[in-house]
Every structure is written in structure tokens, then in C-alpha cells.
Amino acid sequence: MADPSLASLRAFFETAPAARKATRPLARGARVNLALDDGPARFTMASGAPAVEAGAAPDPDFTLTLPAGAVERITGLRSDDVGEFGVEFFRLVIERDPAVKVRVKVDASTARLLEHGYLGVLAVGGMKVGWWLLKKGVKNPKAAIDRLRNGV
């Protein structure tokens, strides 16, 4: 039986306009490992378009632990606004309920994160994400990376 989280994430990144727009700044070398309830998966931009596949990637930029509840909340949003998805993602990062809490492990150097375009993803989220992060005490993108690196 296929992992429902893997299938949901694959469909989301292949078809949701907000997901396509958010991933546009990412370089072909961008890769994120996904620890899903039913096993490892990976997000890559190797083909020039977002792809989610089973199995871990070597040398990821990030590793995200995504419980099924978090995947449902992200893929269940019905909006084309990248900012709404960004805010929801960061809400899940600070969530206390383990059934929906997203954990982020930064595996790459800050330089590699910038080279792979993650700052551009934050920029696509626009003012909505920026204001939300500012209200949570994150004053700039480097501070956001540092907080994620330190387990928020």
C-alpha cells in the first residue's frame, strides 16, 4: 500500500499553484529529506520542477519530520496564497501537539541554503510570512535559519 502522505505531497507539489510558485526560486540542487509516518521520502528540484519521491536523498539541505496530521493540514489548505502556506508551515513548526508538529533539522550550511534559493522561497511568501515571523521574534532570514538550526 502506498504512503498516503507521500501521495498527498506528490500531488500537492505537482498541481497546487501555490506550491509551484513557492518552489520557483529553488535551484536544481535543492533537496529536502522527509521523515513521513510510513518511511523516508525526498523533495528535489533535480528536473527543474518540484518532485516528491520515496526514499531519502543523499546530503540534504534540510530534513523535515512531517507527521500525517501536518501533511493533511498543509495539503488541505485551499488557497493560492503562498504566504498562507508559509504561515501554516511555521505554525506547525512551533506546534506542541506531536501529531501535527513539524520538526526541522538544518543539514546544510547557511551559504548552501542561500545558494539553493531558500531565501527566495521566504520572499515569495511575502509580507504575510514576514510579519508573522517578526511577531514571533524572528527579525531577519538569517535569524530564521538560526532558530531552525537550534530547534526553534
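**Close-up views of the predicted model**

**View 1. Strands S1 and S2 run antiparallel, with 6 bridges joining S1 to S2 (residues 39-44).** Everything in this view and those that follow comes from a predicted model. S1 and S2 make a hairpin, and 2 residues sit between the two strands. To find your way along the pair, start with Asn33, whose bridge partner in S2 is Arg42. Another pairing to look for is Arg31, which stands opposite Thr44 in S2. S1 covers residues 31-36, and its mean pLDDT of 98 is the highest among the elements of the chain.

**View 2. S1 also pairs with S4, and here the strands run parallel.** This pairing is made by 5 bridges. Leu36 is a handy landmark, as it stands opposite Leu66 in S4. So which strands does S1 pair with in these views? With S2, running antiparallel, and with S4, running parallel.

**View 3. S2 carries on into a hairpin with S3, in which Gly48 has a positive phi.** The two strands run antiparallel and are joined by 4 bridges. Phe43 has Val52 in S3 as its bridge partner. This hairpin has 6 residues between its strands, and the phi of Gly48 is near 95°.

**View 4. Asp59 sits in the loop between strand S3 (51-54) and strand S4 (62-66).** If you like checking backbone torsions, this is a good stop: Asp59 is not a glycine, yet its phi is positive at about 50°. Most residues other than glycine have a negative phi. Is Asp59 buried, partly exposed or exposed? It counts as partly exposed because its relative accessible area is 47%, which falls between the 20% and 50% cut-offs.

**View 5. Arg73, in helix H3 (residues 68-76), reaches residues further along the chain.** Leaving out residues up to four places away in sequence, Arg73 touches Glu88, Leu92, Glu95 and Val100. Take Leu92 as an example: it is 19 residues from Arg73 along the chain, and their C-alpha atoms are separated by 8.9 Å. With a relative accessibility of 32%, Arg73 is partly exposed.

**View 6. His116 is buried in the loop between helix H5 (110-115) and helix H6 (118-135).** Why does His116 count as buried? Its relative accessible area is 7%, and the cut-off for buried is under 20%. Setting aside neighbours within four places in sequence, His116 is in contact with Pro25, Leu26, Ala27, Gly29, Ala30, Arg31 and Asp61. Arg31 has turned up before, opposite Thr44 in S2.

**View 7. Helix H6 has a kink of about 105°, centred on Gly126.** How far does H6 span between its end C-alpha atoms? It spans only 21 Å, whereas a straight helix of 18 residues would span 26 Å at 1.5 Å a residue. Tyr118, Gly125, Val129, Trp132 and Leu133 are buried in H6. The buried residues of H6 pack against S1, S4, helix H4 (82-94) and H5. Just after the helix comes Gly137, with a positive phi of about 90°.

**View 8. Helix H7 (residues 141-149) has the lowest mean pLDDT among the elements of the chain.** That mean is 65, compared with 98 for S1. Where pLDDT is low, the predicted coordinates should not be read in detail. For the protein chain overall, the mean pLDDT is 88, and 89% of the residues reach 70 or more.

**View 9. Zooming out, the chain has 7 helices and 5 strands.** From the N terminus, the elements run α-α-β-β-β-β-α-α-β-α-α-α. Of the 152 residues in the chain, 42% are buried. If you count contacts between residues at least 6 apart in sequence, 66% of them join residues at least 24 apart. The chain exposes about 8000 Å², with carbon and sulfur atoms supplying 58% of that area.

Key
Residues are numbered from 1 along each chain as its sequence is written. This is a predicted model: local features need pLDDT of at least 70, side-chain atom pairs count only at pLDDT 80 or more; totals for chains, interfaces and linings use all residues. Side-chain values use heavy atoms; hydrogens and water are left out. Buried means under 20% relative accessible area, exposed over 50%, partly exposed in between (1.4 Å probe, protein chains only). pLDDT is the predictor's confidence in each residue, from 0 to 100. Contact means heavy atoms within 4.5 Å. Accessible areas come from the Shrake-Rupley method with a 1.4 Å probe; for residues, only the protein chains shown count as cover. Two strands pair if DSSP finds at least two bridges between them. The expected span of a helix is 1.5 Å times one less than its number of residues. The bend at a residue is the angle between axes fitted to the seven residues ending there and the seven starting there.
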